[in-house]
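User: Could you take me through this model and tell me how each label is earned? I would like the cut-offs along with the values.

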Amino acid sequence: MSRTSTPPVSMEIASLIAAAKAVRAHAHAPYSKYFVGAALLTRSGRIYVGCNVENASYGATICAERNAIAQMVAAGERHPIACVVVTQGPTPGSPCGMCRQVLAEFAADMPVVLVAAQEGEADVLEQTSLATLFPSGFRPENLEGAALVNASGAPPRGPSRAPRRRAP
Ligand code: THU
């Protein structure tokens, strides 16, 4: 992971940062006041964005990254190749566990750039990857064996149960 406040980023990442900053302005975060914008670049070269949408029933809140994934899927795409998340404060916020899981549904790995937007100063950037943020995650491939075993819909027969211990 490398952190820098002087961003040596590619044109693609610069476009993603601009898109994530723009959508962050639409975040609905009246409770936490923590505004997040996310942008995904897909294999087709298109960009999909999402912001956090909070709810008075706090648990119903949706994070920016998952909203960006939803936009991508709704547009008929499935292959993100880079992700940018823009947050506030002195250091960039990192995607929550649920967002890491949802990102990993569509990419085993991809560059992830975390940006802490600064007022009137250079942004603070942290360049990492999904594989670094989410190693050994549960992936769609993990279900492949289950699909074969459970084709009948019946639960697989496990090894026979250990004999019950008699009460002393
Ligand atoms: N949030 C995101 O949008 N993405 C994350 O990965 C972490 C948290 C949002 C959810 C909530 O609206 C606010 O940040 C504070 O948790």
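Analyst: Here are the ligand site and the aromatic pairing. This is a predicted model, where local features need pLDDT of at least 70, side-chain atom pairs count only at pLDDT 80 or more, and totals for chains, interfaces and linings use all residues. Residues are numbered from 1 along each chain as its sequence is written, and side-chain values use heavy atoms, with hydrogens and water left out.

User: What makes S32 one of the residues around the ligand?

Analyst: A residue counts as near if one of its heavy atoms lies within 4 Å of the molecule. S32 is on that list, and so are Y34 and C96, among others.

User: Why is the approach of E54 to the ligand called a polar contact?

Analyst: The term needs a pair of N or O atoms within 3.5 Å. A polar side-chain atom of E54 lies 2.5 Å from a ligand oxygen atom, so the pair qualifies. N52 also brings a polar side-chain atom to 2.9 Å from an oxygen atom of the ligand, while A64 uses a backbone N or O atom, at 2.9 Å from a ligand oxygen atom.

User: Why is the aromatic pair of Y31 and Y58 called tilted?

Analyst: Ring centres of Phe, Tyr and Trp (its six-membered ring) must lie within 6.5 Å; planes under 30 degrees apart are stacked, over 60 edge-to-face, and the rest tilted. Y31 and Y58 are 5.5 Å centre to centre with 45° between the planes, so they form a tilted pair. A search of the whole structure finds one aromatic pair.

Notes. Polar contact = N/O pair within 3.5 Å; in protein donor to acceptor, adjacent residues only side chain to side chain.
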